[in-house]
Amino acid sequence: MRTVQQWFAEYSESHQNPVNKAIHWIAVPVIYAAITGLLWAIPQPQFMSAFPWLNWAVIAAVPVLLFYVALSFPIALGMTALTVVCLWAWSLLERVGVSVWQTALGLFVVMWIFQFIGHAYEGKKPAFFKDLEFLLIGPAWVVAFIYRALGIRY
């Protein structure tokens with residue numbers, strides 16, 4: 001497995017344009033949240049109803065967060081915080097009667113449109129065309145940017 005610095009360096013190669021970077025700053029975390037919402041909205045089998053906190057978003061978060069732990073423990077902490085916020089937000093929206101799957105799907109589609117607009121400005125293909133793992137690196141790249149701004153080592 002590549003180091004966190006190797007992943008970020010390679011990811012950054014196709015994220016140099018300021019417009020593309022600004023779009024990614026917003027779109028990448030929103031896409032992460034939208035995927036969490038889409039997983040949240042998948043109906044649960046009966047056996048899972050014994051555990052009200054357990055759903056497909058929580059189950060999917062486990063291997064994703066383990067990937068981040070292997071990448072960098074501080075990054076994993078930031079991604080865990082982002083994941084918890086996403087889960088909390090979808091739970092809240094569901095409780096107030098908002099359609100989670102429709103909201104998540106709408107956000108997912110709109111943010112991907114923005115991502116591709118950003119890459120048109122960049123003049124380079126998205127990194128995940130080269131390696132699907134970059135779909136997990138994008139959110140961590142945003143967290144790393146925040147860490148650098150705050151002087152937090154990762």
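**Helix α5, its surface patch and the core**

Biologist: In which helix is the place of Ile117?

Modeller: This is a predicted model, and the answer is read from its assigned helices. The place of Ile117 is in helix α5.

Biologist: Is Ile117 buried, partly exposed or exposed?

Modeller: A residue counts as buried under 20% relative accessible area and as exposed over 50%. Because the relative accessible area of Ile117 is 37%, which falls in between, this residue is partly exposed.

Biologist: Which helix gives the largest share of the nonpolar patch on the surface?

Modeller: The patch is formed by Val19, Trp101, Leu105, Val109, Val110, Ile113, Phe114, Ile117 and Tyr121, which together have about 800 Å² of accessible area. Its largest share, 8 residues, comes from α5.

Biologist: Is His119 buried or exposed?

Modeller: His119 lies in helix α5, which spans residues 100-122. Since its relative accessible area is 6%, and the cut-off for burial is under 20%, His119 is buried.

Biologist: Which residue offers the backbone oxygen that the side chain of His119 reaches?

Modeller: Among the residues that His119 touches, leaving aside those up to four places away in sequence, are Ser14, His15, Asn20 and His24, and also Lys124, Lys125 and Pro126. The side chain of His119 comes to 3.1 Å from a backbone oxygen, and that oxygen belongs to Lys124.

Biologist: Which helix supplies the largest share of the largest nonpolar core?

Modeller: This core has 40 residues, and those with the most contacts inside it are Phe8, Tyr68, Leu71, Ile75 and Ile137. At least two of its residues are supplied by each of α1 (4-12), α2 (18-40), α3 (56-71), α4 (73-95), α5 and α6 (134-150). The largest share, 8 residues, comes from α6.

Biologist: Which residue numbered above 150 does Phe8 touch?

Modeller: Phe8 is one of the residues with the most contacts inside the largest core. Not counting residues up to four places away in sequence, Phe8 touches Ile75, Ile137, Ala140, Trp141 and Ala144, and also Tyr154.

Biologist: Is Leu87 buried or exposed, and what separates its C-alpha atom from that of Gly151?

Modeller: Leu87 is found in helix α4, and it counts as buried because its relative accessibility is 16%, under the 20% limit. Beyond residues up to four places away in sequence, Leu87 touches Thr36, Trp40, Ala57 and Val58. Leu87 and Gly151 are 64 residues apart along the chain, and their C-alpha atoms are separated by 27 Å.

Terms used
Residues numbered from 1 in each chain as written. Predicted model: local features only at pLDDT ≥ 70, side-chain atom pairs only at ≥ 80, totals over all residues. Heavy atoms only, no water. Helix = DSSP H or I, 4+ residues; strand = E, 2+ residues; numbered from the N terminus. Buried < 20%, exposed > 50% of the residue type's maximum accessible area, 1.4 Å probe, protein only. Polar contact = N/O pair within 3.5 Å; in protein donor to acceptor, adjacent residues only side chain to side chain. Contact = heavy atoms within 4.5 Å. Core = buried A, V, L, I, M, F, W, Y, C linked by side-chain atoms within 4.5 Å. Patch = residues over 30% accessible without salt bridge, like charges linked within 9 Å, V, L, I, M, F, W, Y side chains within 5 Å. Areas by Shrake-Rupley, 256 points an atom, 1.4 Å probe, with all protein chains shown as cover. Salt bridge = Lys/Arg side-chain N within 4 Å of Asp/Glu carboxyl O.
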